[in-house]
Amino acid sequence: MFERLSVMLMKEFLELKRDRWAMFRLIVPLIIQMLVFGYAATFTVHHVATSILDLDQSQASRSLISHFVATSRFNVVDVTQNRDDITRDIDQSTATIAIVIHAGFGRTLGNGQSAPLQVIVDGTNSNTALIALGYLSQIVAQFSEDQSSRAANFRADTAVPEIGISLQARPWFNEGLDDRWFFIPGVIGTLTLLQVVSLTAFAIVREREVGTLEQIMVSPIRPVEFILGKTVPFFLIGLGDIALVSAFGIFWFHISFIGNPWIMLLGASLFLLAALGIGLLLSTFSRTQQQAFALNFFFVNPLFILSGFAFPIAAMPKLLQWFTVINPLRYFLVVIRAVFLKGVGFEVLWPDLAAMALLALVMLTVSVLRFRKSLD
Amino acid sequence: MTTNDIAIHAQRLTKSFGAVRAVQEASFAVSRGEIFGLVGPDGAGKTTIMRMLAGVLRPDAGEIAVDGVDVVAEAERAKLRISYMPQRFGLYEDLTVAENIFFYGELFSVSRDARITRGRELLEAAGLLPFQRRLAGQLSGGMKQKLGLVCALIHTPRVLLLDEPTTGVDPVSRRDFWAILYNLRENGVTIFISTAYMDEAERCSRLALLHAGAIRHCDTPARLKQAMPGALLAIYASDPRSLRDIISGQPGVLGVLLMGDRVHVRVDNPERRIPQLKSLLAGQGAGEMEIKPAEPGIEDVFVALVGQEGTA
């Protein structure tokens with residue numbers, strides 16, 4: 001039934017072998033992108049440039065400043081008594097955050113009252129600003145706790161019991177709250193998707209462009225055999241990609257992998273089938289490699305953004321959330337993150353696996369039907 | 001002609017692409033062992049007919065039988081008997097000559113022994129035997145086209161469909177190419193060829209003149225020439241272009257065709273018209289020239305019968 005498949009496969013691997021740069025093109029960009037993502041893609045905010053306007057010049061204000069100097073989250077670039085310095089620092093981006101300690105800060109605290117502290121933040125990068133403000137409030141909370149316990153020591157005889165809730169956060173799965181642990185598994189899925197979709201689309205369009213597609217189609221080979229011949233090698237390359245990049249994440253970036261490798265293999269296989277379907281579909285809409293390139297560019301970015309790789313799906317408008325439903329990357333990211341970090345199994349992941357299986361089935365069917373039509 | 005002697009039978013073939021009617025009710029029968037030529041200008045529908053015969057394009061209406069097999073209903077079975085060679089044969093440039101032959105042989109389920117013997121014969125005939133291990137991408141244009149023919153013939157087809165196979169091929173390779181074709185015909189292979197070269201059209205046993213998707217005439221080259229109304233005169237002159245403009249529309253002139261260094265003029269009555277044209281041209285001061293009767297070529301016939309500039 002598939003007697004002509006083996007010769008297609010033989011030809012594909014021969015071409016791949018003949019192409020001296022193939023291995024280079026398949027592997028090196030993946031590794032480099034993995035490194036770039038691993039080191040650069042992070043939400044963690046370190047060394048936020050900070051200017052402090054100290055109009056109080058008291059022991060309390062100096063103590064607060066020393067809290068900021070002591071942490072690596074902030075980098076105090078300027079301590080000044082001149083209001084204009086603050087404006088200049090923010091305008092010139094010398095500082096992202098400016099803290100204003102008003103005159104009377106220490107006295108008010110000494111009287112056991114709460115004192116206001118003004119913070120000016122450069123909101124250009126809303127994400128950094130938000131995170132920096134979070135750290136800032138932690139430090140201020142720490143400072144005020146120190147202050148009140150000191151005050152309490154002075155008045156030990158008239159001790160008033162402090163009432164408050166102290167939050168003890170205990171993150172599961174990623175105890176260090178390391179962004180890399182979140183990003184790296186996502187990068188594996190994303191890079192593989194990009195590679196497999198474009199490889200498949202380009203390879204088929206190339207045969208169309210060179211005229212070999214027509215030549216093959218006048219032989220008794222069936223379209224399905226041709227498609228299998230073109231896609232099986234990319235399926236294997238895709239699995240190899242995932243294995244390679246995963247190994248890199250585990251051994252180089254020390255991401256934990258506590259799940260079941262078989263679930264990972266199952267998820268990766270379904271995901272790759274869906275990716276091949278997308279690539280095949282793109283190829284049926286393109287007559288030339290330039291067209292395929294343009295289409296690939298048009299499709300792949302939304303797939304990436306609407307996947308939950310970096311931006312939470314729950315925060316997207318309803319319409320866009322609907323688009324994520326037909327995005328195989330969305331489901332694979334759930335599976336790969338769960339397998340790497342959570343170690344949960346089939347009993348939890350089956351809806352995502354089933355969704356990928358369904359998507360793969362639909363996309364492959366549609367693209368095979370379209371492929372037949374595109375031969376005319 | 002019994003049905004057994006018919007290699008290709010097309011009946012009322014019709015195909016449209018959107019609003020464009022590419023082929024309209026084309027009917028023809030090609031006998032076994034014929035070299036049948038399809039002649040027509042670009043866009044006449046030659047490639048569309050070829051692709052329908054090859055079973056890669058479905059006709060909107062009509063029937064095709066190749067070697068007795070219905071191409072539309074039983075494409076896979078028909079394809080085993082057919083070989084289709086488009087204007088540029090699809091070779092894998094990263095594969096060697098031998099690997100390309102291997103690949104196309106396997107696609108048609110050619111046995112290993114047959115592939116080796118036949119491959120050798122064909123390579124030898126094409127003069128490619130020394131280049132078996134060369135990458136196809138490193139062959140010259142003519143050699144690539146001959147390799148295409150070798151790949152197209154590796155499964156010993158009963159019917160060979162060639163779509164302008166020698167366009168852009170050097171004269172030596174073209175000669176080799178035709179030698180292979182004649183040899184094939186002797187072995188009973190039917191050849192269906194479309195061509196833009198008039199000298200190649202002359203080599204065919206029968207020709208179909210195609211215009212705007214319809215077959216206007218179909219006969220042997222000799223009979224087509226006989227069917228041409230009027231007689232042909234050739235006028236050699238230093239400026240044939242202005243000559244054409246002077247002669248067009250003169251009484252008794254049925255058609256004027258510029259042929260490089262000369263003009264072909266089709267007239268109703270040469271005895272009467274030669275002196276008439278001579279005096280006309282002398283009066284126009286057209287300079288030195290020579291007028292004499294000429295044998296019509298296929299292009300003259302095409303223009304006379306179809307009323308359109310031909311293919312060359």
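Buried residues make up 43% of the 312 residues in chain B, in a model that is predicted. The exercises below work from the two chains as wholes down to single helices and residues.

**Exercise 1. Describe the overall build of chain B: how many helices and strands are there, and what does the C-alpha trace span along its principal axes?**

Solution. Begin with the secondary structure, which in chain B consists of eleven helices and 14 strands. Next take the extent of the C-alpha trace, which along the principal axes of chain B is about 75 × 45 × 35 Å. Then turn to the contacts between residues at least 6 apart in sequence, of which 70% in chain B join residues at least 24 apart. Finally, consult the domain assignment, which divides chain B into domain 1 (3-224) and domain 2 (229-295), with 39 Å between the centres of these two domains, taken over C-alpha atoms.

**Exercise 2. Decide why chain A is described as more spread out than a compact globule.**

Solution. The first step is the inventory of elements, and for chain A it comes to 14 helices and four strands. The radius of gyration of chain A is 29 Å, whereas the globule rule gives 21 Å for 376 residues; because the value is well over that of the rule, the chain is more spread out than a compact globule. The second step is to look at the dimensions, and here the C-alpha trace of chain A spans about 95 × 45 × 40 Å along its principal axes. The third step is the domain assignment, in which domain 1 of chain A is made of two segments, 5-41 and 176-374, while domain 2 covers 48-158; the centres of the two domains, taken over C-alpha atoms, are separated by 49 Å. To complete the description, 36% of the 376 residues of chain A count as buried, and among contacts between residues at least 6 apart in sequence, 79% join residues at least 24 apart.

**Exercise 3. Characterise the side of chain A that touches chain B: which elements give two or more residues to this side?**

Solution. Start with the contact count, in which 21 residues of chain A are in contact with 22 residues of chain B. The elements that contribute two or more residues on the chain A side are helix H1 (5-18) and helix H8 (212-217) of chain A. Sorted by character, the residues on this side of chain A comprise nine nonpolar, four polar and eight charged.

**Exercise 4. Which residues of H1(A) are buried, and where do they lie around the helix axis?**

Solution. Consider the helix itself before its surroundings: H1(A) has 14 residues and reaches 20 Å from its first C-alpha to its last, close to the 20 Å expected at 1.5 Å a residue. Its buried residues are Val7(A), Met8(A) and Lys11(A). Viewed down the axis of H1(A), these buried residues fall within an arc of 105°, and therefore they line one face of the helix. An α-helix has 3.6 residues a turn, so residues three or four places apart point the same way. On the other side of H1(A), Ser6(A) and Lys17(A) are exposed. The packing partners of the buried residues of H1(A) come from both chains, namely helix H9 (223-251) of chain A and helix H3 (97-107) of chain B.

**Exercise 5. How many of the 13 residues of H5(B) are buried, and what covers them?**

Solution. Helix H5 of chain B runs over residues 141-153 and reaches 19 Å from its first C-alpha to its last, close to the 18 Å expected at 1.5 Å a residue. H5(B) is mostly covered, since twelve of its 13 residues are buried; among them are Met143(B), Leu147(B), Val150(B) and Cys151(B), along with Lys144(B) and Lys146(B). The cover over the buried residues of H5(B) includes strand E6 (82-85), H3, H4, strand E7 (159-163) and helix H6 (171-186) of chain B.

**Exercise 6. Is Val301(B) buried or exposed?**

Solution. First locate Val301(B), which lies in helix H11 (residues 298-306) of chain B. Then count its surroundings: because 26 other C-beta atoms lie within 10 Å, Val301(B) is buried, the cut-off for this class being 20 or more. Leaving aside neighbours within four places in sequence, Val301(B) is in contact with Leu224(B), Lys225(B), Met228(B) and Pro296(B).

Notes: Residues are numbered from 1 along each chain as its sequence is written. Chains are lettered from A and ligands numbered from 1 in the order in which they are written. This is a predicted model: local features need pLDDT of at least 70, side-chain atom pairs count only at pLDDT 80 or more; totals for chains, interfaces and linings use all residues. The radius of gyration is taken over C-alpha atoms; the globule rule is 2.2 Å times the number of residues to the power 0.38. Two residues are in contact if their C-beta atoms, placed from the backbone, lie within 7 Å. Ala, Val, Leu, Ile, Met, Phe, Trp, Tyr, Cys and Pro count as nonpolar, Asp, Glu, Lys and Arg as charged, and the others, Gly among them, as polar. Domain bounds come from an automatic or database domain assignment. The expected span of a helix is 1.5 Å times one less than its number of residues. The arc is that of the directions from the helix axis to the C-beta atoms.
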